[in-house]
Amino acid sequence: MWKKTARAIDKTLAFVEEWSLFIAVMTALIVALANVFLRKFTPISLYWSDEVVRKVIFFTTYVGASAAVRSRSLIRVDALPQLFPVLKRGVTLLSHLAALFFAGIMVWLGWQMTVMAYQDEFARTSTLQIAEWKFYAVLPAVGVMMFIRSIIVMVEDWKGGPAGE
């Protein structure tokens, strides 16, 4: 039951992460290339392209953090478990707890920032005039994704194998 549920959640989150990252990066790439082409060969410049690229970097940083939990690519110090292999399980648990704490902070503070930006009618991007709360909403959403992923990875580590096997 656990493996089937964890595998379904993992596949769903992977689909959302991969396609949202693909679409965001392709959008930024096309907009940036179009701006460079237009600037070099015509007198036209897309004044809003820098804003699009900045927002894509913001988005991909946080969605990439959730993907990093899945692939176990978060930054951690692994010198201690290499020197003392008996500490590996404890240090790994501490690392997972730190990821859960960070995800919880992202949800809590991200939600507060989203609500504050939603209540401020003037909180808009400078050139495209998109409501900022839409960008801040990424924080609690990704925090939830990271929390779920961290729980799945913790259980996999505790049981001794990926949930998908």
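A residue is called buried when its relative accessible area is under 20%, exposed when that value is over 50%, and partly exposed in between. With those cut-offs in mind, begin the tour of this predicted model by selecting Arg-72, which is partly exposed because its relative accessible area is 34%. Arg-72 sits in the loop that runs between helix H2 (49-70) and helix H3 (79-83), and its backbone deserves a look, since Arg-72 has a positive phi of about 55 degrees although it is not a glycine.

Next, select Gln-129, which is placed in the loop between H4 and H5. Here too the residue is not a glycine, and yet Gln-129 has a positive phi, of about 60 degrees. The relative accessibility of Gln-129 is 43%, so it counts as partly exposed.

Now turn to helix H1, which covers residues 2-41, and select Lys-3, Lys-4, Arg-7 and Lys-11 together with Lys-159, for these residues gather on the surface in a patch of positive charge. Helix H1 supplies four residues to the positive patch, and this is the largest share of it. Lys-11, one of the residues in helix H1, has a relative accessible area of 57% and is therefore exposed.

While still at helix H1, select Ala-6 along with Glu-156, whose C-alpha atoms are separated by 9.6 Å even though the two residues are 150 residues apart along the chain. Glu-156 belongs to helix H6, which spans residues 138-159, and it is buried, because its relative accessible area of 12% falls under the 20% cut-off.

The following stop is a nonpolar patch on the surface, of about 890 Å², which you can display by selecting Phe-15, Val-16, Trp-19, Phe-22, Ile-23, Met-26, Leu-29, Ile-30 and Leu-33. Leu-33, the last residue in that selection, is placed in helix H1 and counts as exposed, because its relative accessibility is 52%.

Keep the nonpolar patch in view and turn to the aromatic rings. A pair of aromatic rings is described by the distance of the centres and the angle of the planes. The count in this model comes to five aromatic pairs. In one of them, Phe-15 and Trp-19, the ring centres are 6.4 Å apart and the planes stand at 50 degrees, so this pair is tilted. Phe-15 and Trp-19 both lie in helix H1, where they are four residues apart, about one turn of the helix. Phe-15 is exposed because its relative accessible area is 52%, whereas Trp-19, at 46% relative accessibility, counts as partly exposed. If you add Phe-22 to the selection, you will have a cluster in which ring pairs link Phe-15, Trp-19 and Phe-22.

For the last stop, select Tyr-118 and Trp-133. How are the planes of the rings of Tyr-118 and Trp-133 set? The planes are at 85 degrees and the ring centres are 5.2 Å apart, so the pair is edge-to-face. Tyr-118 lies in helix H4 (residues 88-119) and Trp-133 in helix H5 (residues 133-136), so the pair ties together parts that are 15 residues apart in sequence. Tyr-118 has a relative accessible area of 58% and is therefore exposed, while Trp-133, at 29% relative accessibility, counts as partly exposed.

Notes. Residues numbered from 1 in each chain as written. Predicted model: local features only at pLDDT ≥ 70, side-chain atom pairs only at ≥ 80, totals over all residues. Heavy atoms only, no water. Patch = residues over 30% accessible without salt bridge, like charges linked within 9 Å, V, L, I, M, F, W, Y side chains within 5 Å. Areas by Shrake-Rupley, 256 points an atom, 1.4 Å probe, with all protein chains shown as cover. Salt bridge = Lys/Arg side-chain N within 4 Å of Asp/Glu carboxyl O. Lys, Arg positive; Asp, Glu negative; His and termini not counted. Charge placed at Lys NZ, Arg CZ, Asp CG, Glu CD. Helix = DSSP H or I, 4+ residues; strand = E, 2+ residues; numbered from the N terminus. Buried < 20%, exposed > 50% of the residue type's maximum accessible area, 1.4 Å probe, protein only. Phe/Tyr/Trp six-rings, centres within 6.5 Å; stacked < 30°, edge-to-face > 60°.
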